[in-house]
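Reader: I am new to this structure and would like a close look at a single part of it, taken slowly. Please walk me through one sheet and the loops that belong with its strands.

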Amino acid sequence: EVQFVESGGGLVQAGGSLRLSCGASGVPVDDYAIGWFRQTPGKEREGVACTTLSGDSLYYSDPVKGRFTISTNNTDNMVHLQMNSLKPEDTAVYYCAVDPVGCKYTGYEYVGQGTQVTVSS
């Protein structure tokens with residue numbers, strides 16, 4: 001069973017920063033893709049960013065390029081999403097997710113419980 005440890009998120013004013021962190025245990029492969037997608041009520045899921053533990057792959061969706069940075073701590077396999085220059089349209093529930101095959105837009109095999117990010121104008 002894949003289990004997630006997620007932290008971060010919260011409320012911030014537009015232009016501010018937040019950091020999300022995520023770790024997964026029980027993944028049946030040594031190297032896997034881990035990233036985030038987000039969702040707001042009434043809208044489809046939207047991919048945000050993804051990387052692999054090995055660093056072979058890196059993905060950012062267009063709306064977050066240049067503002068968000070995903071990074072991996074190889075000592076504990078925690079992955080962090082540094083979100084800068086936040087905009088009200090970044091408000092969403094952010095889901096950490098894992099896939100044994102590779103980065104996905106939203107169709108990851110394992111998904112965490114999600115954390116709320118709210119950006120006020």
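Author: What follows is a description of one sheet and of two loop residues.

The model is a predicted one, in which local features need pLDDT of at least 70 and side-chain atom pairs count only at pLDDT 80 or more, while totals for chains, interfaces and linings use all residues. Residues are numbered from 1 along each chain as its sequence is written, and side-chain values use heavy atoms, with hydrogens and water left out.

Strands here are DSSP runs of E with at least two residues, numbered from the N terminus, and two strands pair if DSSP finds at least two bridges between them. Four strands make up an open sheet, ordered β1-β3-β8-β7, with antiparallel pairing. Because β1 (3-8) and β7 stand at the edges with a single partner strand each, one side of each has no neighbour in the sheet. On average, neighbouring strands of this sheet are turned by 15° against each other, direction ignored, the axes being lines fitted to C-alpha atoms.

Strand β3 (residues 18-25) runs antiparallel to β8 and is joined to it by five bridges; in this pairing, C22 stands opposite V79 of β8.

The loop between β7 (68-73) and β8 (78-83) holds N77, which has a positive phi of about 60° although it is not a glycine. N77 is partly exposed (between 20% and 50% relative accessible area, with a 1.4 Å probe and protein chains only), because its relative accessibility is 32%.

In the loop between β8 and β9 (92-99) lies S85, likewise not a glycine, with a positive phi of about 50°; its relative accessible area of 41% makes S85 partly exposed.

Terms used
Axes are lines fitted to C-alpha atoms, for helices over the stretch in contact, and angles run from 0 to 180 degrees between N-to-C directions.
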